[in-house]
Amino acid sequence: MKLESITLHHISMPLVAPFETSFGRETDRECILVIIKSEGLIGYGECVPSRDPGYNYETTGTAMHILKDFIVPLILGTDVKDAADFQERVSRIRGHHLAKAGVEMALWDLLGKRAGKSLHELFGGVREKVEVGVSLGIQESAQSLVRTAAHFVKQGYARVKIKIKPGRDVEDASAVRQAFPNLRLQVDANSAYSLNDMQTLKPLDKLNLLLIEQPLFEDDIWDHHKMQEQFETPICLDESIVSPRHARYAIEMKACRVINIKAARVGGLSQAVMVHDLCLENKLPVWCGGMLETGVGRASNLALASLPNFVLPGDVSASDRYYARDITNERFVLNADSTIDVPGGAGLGVTINEKALKDFTLLELSFVAKS
């Protein structure tokens with residue numbers, strides 16, 4: 001595919017409610033929409049870093065820099081064959097996986113549209129709908145958290161994840177468990193703890209949790225191995241798994257019993273599929289994490305989560321969980337069985353609401369190949 005033009009939209013979209021984790025509080029979601037035109041087709045990709053370097057070192061600012069100054073010049077006007085070709089071209093750019101993943105998603109959208117197939121078909125997905133859950137940010141109190149959880153359980157979510165941090169962990173999780181004895185419940189620390197906190201967190205073992213997600217430092221795999229040895233509850237790694245190679249390290253070290261796969265974090269959908277296949281081979285279950293995506297990234301996550309080893313519910317909530325107004329014309333809705341349908345249209349299977357995109361755009365940069 002000859003890439004004729006690339007446009008970057010730095011956008012900011014208001015969340016329906018603030019979302020707080022151990023590393024900060026968001027009221028508006030920033031990201032970058034990547035639009036690539038090739039041979040009469042248009043591909044869309046979502047680059048998911050936020051404004052601040054909380055989840056990882058990448059921000060919308062650094063991603064715009066890497067995209068316009070490094071990635072775009074490498075591929076604009078060239079014939080990019082597929083995702084593997086793209087990964088080879090950007091391999092000398094160290095890190096910046098979220099930036100790379102946004103472009104690769106747009107290329108997959110183009111590949112699907114050219115072939116007349118959905119990403120679900122291109123990946124070899126086995127589900128037409130995927131199990132999902134809801135992720136709850138830190139609330140004002142444990143009582144407020146229970147009320148918020150009750151609101152989403154009433155909507156039909158059968159799995160709830162709560163964010164935790166020091167001082168807001170065991171009490172919060174216990175309150176939700178007491179209110180919902182049979183709920184599929186998990187907690188996410190976003191790297192807020194160290195091994196010194198193990199005894200503080202040990203009561204979590206008595207709450208019948210699905211998993212404890214990324215309790216220790218984001219660049220740490222070995223200490224998670226030590227922690228997993230002391231806990232009956234499965235440890236799940238998120239931030240620590242930044243490539244298929246790191247997934248192999250975690251498996252060989254027995255650092256976790258579950259892996260959260262985020263295509264953006266590992267550098268693209270092709271890399272996410274590789275992590276999935278490695279985990280499947282080693283009988284390690286996976287699930288699809290979320291980054292408060294717009295409808296573009298949400299469609300991508302649903303296609304990925306249709307693969308066979310995504311056996312735990314993902315953080316791919318309905319569109320109205322985060323946005324009253326989205327940049328896609330399509331809205332994803334929760335089914336009665338706590339699932340969401342996988343898009344069946346060519347490529348990502350979504351179209352852009354141009355008016356919404358214009359309203360949410362902070363900065364637009366366009367690059368056109370020389371004829």
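This report walks through the pockets, the cavities and two unusual backbone positions of a predicted model.

**Open pockets**

Let's begin at the surface. The largest pocket holds about 420 Å³ of space. Its lining is made of 21 residues, and Y57, H97, V242, H246 and R265 are the closest to the centre. Two elements, α3 (97-115) and α9 (244-253), give two or more residues each to this lining. By class, the lining of the largest pocket has nine charged, seven polar and five nonpolar residues.

The second largest pocket offers about 330 Å³. Among its 18 lining residues, those closest to the centre are A17, P18, Q139, T148 and R321. Both β1 (5-21) and α5 (142-155) supply at least two residues here, and β1 gives the most, with five. The lining of the second largest pocket counts seven nonpolar, six charged and five polar residues.

**Enclosed cavities**

Moving inside, a search of the whole structure turns up three cavities of 30 Å³ or more. The largest cavity has a volume of about 250 Å³. Of the 20 residues that line the largest cavity, F19, K163, G290, M291 and L292 lie nearest its centre. At least two lining residues come from each of β1, β2 and β6 (159-163). Nine residues of this lining are charged, six are nonpolar and five are polar.

The second largest cavity contains about 110 Å³ of space. It is lined by 15 residues, with M105, A263, A264, E293 and N301 closest to the centre. Helices α3 and α11 each supply at least two residues to this lining, and α11 gives the most, with three. Seven nonpolar, five polar and three charged residues make up the lining of the second largest cavity.

Here are the four spaces together:

| Space | Volume | Lining residues |
|---|---|---|
| Largest pocket | about 420 Å³ | 21 residues |
| Second largest pocket | about 330 Å³ | 18 residues |
| Largest cavity | about 250 Å³ | 20 residues |
| Second largest cavity | about 110 Å³ | 15 residues |

**Two positive phi angles**

Most residues other than glycine have a negative phi. E39, which is not a glycine, has a positive phi of about 50 degrees. E39 sits in the loop between β2 (24-38) and β3 (41-47). Its relative accessible area is 49%, so E39 counts as partly exposed.

L292 is also not a glycine, and its phi is positive at about 55 degrees. L292 belongs to the loop between β11 (286-288) and α11 (295-304). Because its relative accessibility is 9%, L292 counts as buried. L292 is also one of the residues nearest the centre of the largest cavity.

Note on methods. Residues numbered from 1 in each chain as written. Predicted model: local features only at pLDDT ≥ 70, side-chain atom pairs only at ≥ 80, totals over all residues. Heavy atoms only, no water. 1 Å grid on protein atoms, 1.4 Å probe; cavity = no way out; pocket = protein on both sides within 12 Å on 5 of 7 lines; lining within 4 Å. Points joined across faces, edges and corners; volume = space filled by probe spheres on them. Helix = DSSP H or I, 4+ residues; strand = E, 2+ residues; numbered from the N terminus. Nonpolar A, V, L, I, M, F, W, Y, C, P; charged D, E, K, R; others polar. Buried < 20%, exposed > 50% of the residue type's maximum accessible area, 1.4 Å probe, protein only.
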